Amino acid sequence: MERRIPEAGHVVTRNDLELLLAGIERTIGDPQAGIFGPESMTWRIDREAALFLGAGRAALLQLAHPWVAVALDQHSSVMANPIARFHNTFRIVFTMNFGTVDQAFAAARSLHTMHTTIRGALPSPVAGYSQGSLYEANTLSALRWVYATLFDSALLAYECVLPPLTDAERDAYYVESRVLAGLFGIPREALPQDWGAFRGYVEAMCRSEELGVDERSRVMAKRILAGAGSWVKPPRWYQALTVAWMPDRFREEFGLPYGAGEARSVERTKHWLPRVYRRMPQRVRSVGPYLEACARRAGHGPGWVTRLSNRFWMGEARMPFGE
């Protein structure tokens, strides 16, 4: 494992964010279509409900960053109300992806404002961090890792049930994701230049002392996998798939069992799940915010099916920050 003691790094200010948003705005052709639009890889991939398959993996990899784990422990209700955390995350990300430009920018500003209140100190040493190390949610290095876990896990989930993307499609999706990262406050120059370099970044992070698991994050991870605090209990096949997608290091550090039984469960899941998923109509597979964006482009509001789907994914009937 590479020994690297992380530094606090740059904290993204509101002015930093506004400069990034202004740069994105100059590239937009149709503000009503949103940041990406219907021809984008982002709409094609992120409309799929199957991306939820990667949510558990993304959450655990985020917990492997000590700043994220302590921030969630000290500032979030994720353990007491995981459904609210789920809704808050998808409300922001889906609005960035499928909302109008005004909605996407409002979501970005709202996220940044919320992050400004999340700061503190590590109560104990973890990985390369000493006790008392200061953290802030708007620190560039932490934002970059959270972004990376979401993007990397989305691709894994998509290709678990749908045909693998070509190299060109994967590269195009990554290029668009760097625009999305700007809404988090991450400038393009702070990100790897292409898909191959991005994979190198993720692998290097997973070897480094910038990540590490302690008892706090271990307990949080196991509670999340068990669906603690929620009436929704993840099925065993979902738990096994999540653990299968974790790097070996973090299976061990989180204490996640993965033996012959779990491996068989994953193989069975990879056999039946794509067959079932691909037979579903696209409208059924699509998340509510994508359907709402399609309705907006057609000149009418979301129907009851779309509103119901929105409530499942975001906890409210329509994407926020609208007129």
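**Close-up 1. The lining of the largest cavity in this predicted model.** Nine names go on this view: Leu-63, Pro-66, Ala-69, Val-70, Val-126, Gly-212, Asp-214, Arg-216 and Ser-217. Sort that lining by character and you get five nonpolar, two polar and two charged residues. Two helices, α4 (66–75) and α10 (215–226), put in at least two residues each. The top contributor is α4, which supplies three. As for the space inside, the largest cavity holds about 30 Å³. How many cavities of 30 Å³ or more does the structure hold? Just one.

**Close-up 2. The largest nonpolar core, with Ile-35, Leu-183 and Phe-254 picked out.** This core takes in 88 residues, and those three have the most contacts inside it. Which helix gives the most to this core? That would be α7, running over residues 140–161, with twelve residues in the core.

**Close-up 3. Ile-35 and the residues it touches.** Skip the neighbours within four places in sequence, and Ile-35 is still in contact with quite a list. On it are Ile-24 and Ile-28, then Met-96, Gly-99, Val-101, Ala-104 and Phe-105, and further along the chain Val-179 and Leu-183. Leu-183 should look familiar from the previous view, since it joins Ile-35 and Phe-254 among the residues with the most contacts inside the largest core.

**Close-up 4. A second core, separate from the big one.** This one has nine residues, including Val-70, Leu-122, Ala-137 and Ala-142. Val-70 has turned up before: it also lines the largest cavity.

**Close-up 5. Thr-100, in the loop between two helices.** Here the loop links α5 (82–98) and α6 (101–116), and Thr-100 sits in it. Is Thr-100 buried or exposed? Its relative accessible area is 9%, under the 20% cut-off, so Thr-100 counts as buried. Leaving out residues up to four places away in sequence, Thr-100 touches Pro-31, Gln-32, Gly-34 and Arg-296.

**Close-up 6. Ala-127 and its positive phi.** Look at the loop between β1 (119–121) and β2 (134–136) to find Ala-127. Most residues other than glycine have a negative phi. Ala-127 is not a glycine, yet its phi is positive, at about 50°. How accessible is Ala-127? Its relative accessibility is 32%, which means Ala-127 is partly exposed.

Methods: Residues numbered from 1 in each chain as written. Predicted model: local features only at pLDDT ≥ 70, side-chain atom pairs only at ≥ 80, totals over all residues. Heavy atoms only, no water. Core = buried A, V, L, I, M, F, W, Y, C linked by side-chain atoms within 4.5 Å. Buried < 20%, exposed > 50% of the residue type's maximum accessible area, 1.4 Å probe, protein only. Helix = DSSP H or I, 4+ residues; strand = E, 2+ residues; numbered from the N terminus. Contact = heavy atoms within 4.5 Å. 1 Å grid on protein atoms, 1.4 Å probe; cavity = no way out; pocket = protein on both sides within 12 Å on 5 of 7 lines; lining within 4 Å. Points joined across faces, edges and corners; volume = space filled by probe spheres on them. Nonpolar A, V, L, I, M, F, W, Y, C, P; charged D, E, K, R; others polar.
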